[in-house]
Amino acid sequence: MKKRAAFLSGSFFIVLFLAGCSYGHQNFSQQGGKFSGPDDYVVQVDDYGQFWDRPAAESVLKEIEKKTRDSNTVVVLFIHGWHHNAKIDDANAIDFSNSVLALRKKLDGGVYKAARKELTGRDDIKVISVYVGWRGESLYSYFDYLTFWGRKAAAERVGEGDLREFLLTMNNIYRQRNVPNQDTQKRPFMGMTTFGHSFGGQVLMKAVAGTLEQELIEKKSRQLANPHETGSPLLGFGDLVVLLNPALEALQFERINRLSQELKYDARQLPLFLVLSAENDKARQVLFPIGRSIASIGRAQLKDKQSAMWKTTLGEYKEQRTHALELKDDGKMPAAMNLLNSKMYESACAMIKTDLSALKLHIGELYLIPKADRLPYHPYLVTYVDGEVIIKHRGIFEAELGLFLNDYIAAMQGKRMLLANPKYADCYKA
C-alpha cells in the first residue's frame, strides 16, 4: 500500500511538473484558418503576458483606427478560455468565426440597416473580429484538467500584460470615435463589444477592471460633493463587456459591485457589463470551488463572506446576481421580437428613456428578468441563465443567445447614438 501511495503521489507531482512545460506554448500559424478575411484578426499572447508578435498586434490597432474613420464599424473581440488556444482547428476559433459571419449577414440588412440609416445618415457596416489566443491548453487530452491552478494564474498574467495595453488603446479609439457633437449623423459610427469565456473571462476582467473601478470612484466622489445630482453617466469599456461562464472568483467583482450599488443613475446610463452564468455549469459549480479550496491552503484565514466569494465563481454567488435570462417557449409568444421594432423606437425620447437594465425584455424566446430590487438604469448585470440557453460550460454559441445579444447590443448602440446628439438633451432631463 505504501509503495502504491508513493507511486500515485509521485505521478501527481510529475503531472504538475509537466503542466509547466512547453506543451502548446507557441505562436500558432493562421495559414488556412478561418480568420483569413480582410477584417478578421488573431492576436496571440504568451504564457508571461507578452505578445508573441508585437508588431502584428500593433498593426491590428492601426487597421482598426484607420477602418473606423471611414465607415460604420462594429468591433467584436473574443478571448477563449481553458482547454483552448489559437490553433486553426480549435473549436472556439471555429465557432467564433462562424458567429461573426452570421453577425455580418444579420447587420447587413433589414431593420438593422434601416436603423443605421436613420441614426447615422448612412447604412454601410463593417464588422471587425479579433480572436485573442493564449495558452489555455497546456497538457494533452484529459491531462489538461489537472492544470486548473496553472491556467488560472496564466489567465491573470495575460490580463495584466500586453493585452491590457492593447485593449485600452482600442477603447481610446472607440471613445475618440464617439465624442458627442452636433454632427452625429455626418460621421461614421463605431461599436465595440468584448467577450471572455471561462478563464478568458478572467483575462478580460483583469484587463478592464481598473478602468471600470476608476470611473466608479470618480462618480462616487462627484455624488458626494453633489448628493442630489446623478452626474454624468459611466462610459465603461466599449459598448459592453460580456463574461460568459467566467472562471473567476466573485471576490474579484465585489468592489465593483459595492461601488456600483452606492451610486445613482439617470436615463443616460447604459448597461456596461454583462455576466452570463449557466445554471447547469457543473465545472464552475463543482470543480472551481475544489480548486480554490486547495489554493487557499497556506493563506491567511478568510472571513465568512470572503471565504464564500473566494470559492464561488462570479455568477454563482447569489448575492451579486441581478437578473435571470429564461427561455419561454410556451406557444403564446410570437416566434421572434426584435427590439428595433418595439414601441421604444416610436420616438427618440422613448428610446432614450428606456431602461435597458431594469426593463423586462423579450427577445426571440428569451426573457431578461430583473430582480425586484434592481436599481434604475444600473450598468452592471449579473445574470443567471437557463440551461437551454447556455448549455453547461462550453455551449456559449447557441442560436437563441446570439439573437438576444445581437438585439440587446443593437438597442444599446441605438440609444447611445441618440444620446450623443445634443438636440435630444431635453429627453433625459424631463
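**Salt bridges in a predicted model**

The side chains of Glu 262 and Lys 220 form a salt bridge, 2.9 Å from N to O. The model is predicted.

**Exercise 1.** Place Glu 262 and Lys 220 in the chain, then classify the burial of each.

*Solution.*
- Start with location. Glu 262 sits in the loop between helix 8 and strand 6 (273–278). Lys 220 belongs to helix 7. The two are 42 residues apart, so the pair links distant parts of the chain.
- Next, burial. Buried requires under 20% relative accessible area, and exposed over 50%. Glu 262 has 40%, so Glu 262 is partly exposed. Lys 220 has 28%, so Lys 220 is partly exposed.

**Exercise 2.** Which parts of the chain does the Arg 177 and Glu 65 pair link? Is Arg 177 buried or exposed?

*Solution.*
- The contact is a salt bridge of 2.9 Å, N to O.
- Arg 177 lies in helix 6 (residues 162–177), and Glu 65 in helix 2 (residues 54–70). They are 112 residues apart.
- Arg 177 has a relative accessible area of 15%, so Arg 177 is buried. Glu 65, at 24%, is partly exposed.

**Exercise 3.** Analyse the pair Arg 255 and Glu 213 by the steps of location and burial.

*Solution.*
- These side chains meet in a salt bridge of 3.2 Å, N to O.
- Arg 255 is in helix 8 (residues 251–261) and Glu 213 in helix 7 (residues 199–225), so the bridge ties together parts 42 residues apart in sequence.
- Arg 255 is partly exposed at 44% relative accessibility. Glu 213 is buried at 13%.

**Exercise 4.** How many salt bridges does a search of the whole structure find?

*Solution.* The search finds 27.

Note on methods: Residues numbered from 1 in each chain as written. Predicted model: local features only at pLDDT ≥ 70, side-chain atom pairs only at ≥ 80, totals over all residues. Heavy atoms only, no water. Salt bridge = Lys/Arg side-chain N within 4 Å of Asp/Glu carboxyl O. Helix = DSSP H or I, 4+ residues; strand = E, 2+ residues; numbered from the N terminus. Buried < 20%, exposed > 50% of the residue type's maximum accessible area, 1.4 Å probe, protein only.
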